[in-house]
Amino acid sequence: MRLVFAGAVFAYHACVLSAAGPGGQVETGLARAAELGIQGFFIVSGALVFGSLERSQNLGVYGSKRVRRLYPAYAVIILLPAIVSGFVTGWGDVEAIARYLGTNLIFLNFLEPNLPGLFAGNRFTEVNGALWTLKIEVMFYLALPALALVMRLFGKAWWVLLLIIYGAAEAWRLLLPVYLDHPLAPELARQLPGQMAFFASGMVLWKVWDLAKARAIRLGLAGTAILAASYAHPILEPLRAAGLAGVIACLAFAPGPAIRAARFGDISYGVYITHFPILQAMVMAGLFAALPLPAAFVLAAVGVLFASLMLWHLVEKPALRRDSHYRKADSGS
């Protein structure tokens, strides 16, 4: 599912960055699919990271696992464009490159999204516009131990706390742009806590894991109906996280053969963090203008898959603990 979510974001960005997409309703549909992909990522993270915390012996182990999973590949995807920028410009603007590294390496991508010599003539000039969600992921990782502690204080009523968080997050996400008259209001609304309803839905999924396995089809049917309703009228949009969580539970636990999409490498994270600069580089090189559109998209997809596999086998997998479930999935165990 993570690979599908990342693929949806790639498809949308390929159309938008190249300005060669079909436009109209098709591009609108891709935008919605990409948004659902990001929200799906947050739900899956809510479940798996919460599970990681509960299985960890202490906060040190939990923190180590999070850093190992997220940061090595992230650092590589920040450092490589900076090095390319240096060679392209003859290291003539080291200060700008240093600002880019200093802000992006601590997830503050919005402060310095561009590099000298790269993508200035593109439709969009950002080096990697997909990385804004990583900041939200990290903020969730940091907040989760405190949330788990408060959940324990709630005891069997843990769901009340998550329901409160869900409602408050949706109020922030949907109402802040309405009541805050500021050009940054929409951007602030989609940050944490605005995405917390999706993480909270994933946390619920972890808490009812066995029940979700036993009633996967029912959850899927209910989730599909709720998800569809969330698109039917704006007033029902706050239901989206709950509906999407039900669909994800069904896809994860419904009877059927195991797909084992990660048996050659868990490349979903790599696809997500590599696709944007690869697409930008192709646009800069004029490949989308020179090649037939289907050939350009296939070339982009092959490039992203190759880069993601290299990132997994050379960086991500070696950085993980031997007992990591990501490594076990890669080995087929």
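Leu 79 is partly exposed, with a relative accessible area of 38%. That value falls between the cut-offs, because buried means under 20% and exposed means over 50%. The model is a predicted one. This briefing starts at Leu 79 and its surface patch, then turns to helix 11, a pocket and a cavity.

**Surface patch**

- Leu 79 sits in helix 3.
- Leu 79 also belongs to a nonpolar patch on the surface.
- Its partners in the patch are Leu 80, Ile 83, Phe 87, Trp 91 and Val 94.
- Together, the patch residues have about 600 Å² of accessible area.
- Helix 3 covers residues 59–88 and gives the most to this patch, with 4 residues.

**Helix 11**

- Helix 11 runs over residues 240–253 and has 14 residues.
- Its end C-alpha atoms lie 20 Å apart.
- That agrees with expectation, because 14 residues at 1.5 Å a residue should span 20 Å. The expected span is 1.5 Å times one less than the number of residues.
- Helix 11 is mostly covered, with 11 of its 14 residues buried.
- The buried residues at the start of the helix include Arg 240 and Ala 241.
- Gly 243, Leu 244, Ala 245, Gly 246, Val 247, Ile 248, Ala 249 and Cys 250 are buried as well.
- Phe 253 is also among the buried residues of helix 11.

**Second largest pocket**

- The second largest pocket has a volume of about 790 Å³.
- It is lined by 31 residues, and those closest to its centre are His 13, Gly 129, Trp 132, Glu 187 and Arg 190.
- Five helices each supply at least two lining residues: helix 1 (2–18), helix 2 (24–55), helix 4 (94–104), helix 5 (132–154) and helix 7 (185–189).
- Helix 2 gives the most to this lining, with 6 residues.

**Largest cavity**

- The structure holds 1 cavity of 30 Å³ or more.
- The largest cavity contains about 310 Å³ of space.
- Its lining has 18 residues, and the closest to the centre are Phe 41, Ser 45, Glu 137, Tyr 141 and Tyr 269.
- Helix 2, helix 3, helix 5 and helix 12 (268–284) give two or more residues each to the cavity lining.
- The largest share of that lining comes from helix 2, with 6 residues.

**Shared elements**

- Helix 2 gives the most to the lining of the second largest pocket, and the largest share of the cavity lining also comes from helix 2.
- Helix 3 gives the most to the nonpolar patch and also lends two or more residues to the cavity lining.

Technical notes. Residues are numbered from 1 along each chain as its sequence is written. This is a predicted model: local features need pLDDT of at least 70, side-chain atom pairs count only at pLDDT 80 or more; totals for chains, interfaces and linings use all residues. Side-chain values use heavy atoms; hydrogens and water are left out. Patches are made of residues with over 30% relative accessible area and no salt bridge: like charges are joined within 9 Å, nonpolar side chains (Val, Leu, Ile, Met, Phe, Trp, Tyr) within 5 Å. Accessible areas come from the Shrake-Rupley method with a 1.4 Å probe; for residues, only the protein chains shown count as cover. A salt bridge is a side-chain nitrogen of Lys or Arg within 4 Å of a carboxyl oxygen of Asp or Glu. Buried means under 20% relative accessible area, exposed over 50%, partly exposed in between (1.4 Å probe, protein chains only). On a 1 Å grid over the protein atoms alone, a cavity is a set of points where a 1.4 Å probe fits but cannot get out, and a pocket is an open set with protein on both sides within 12 Å along at least five of seven lines; lining residues have an atom within 4 Å of a point. Grid points are joined across faces, edges and corners, and a volume is the space filled by probe spheres set on the points.
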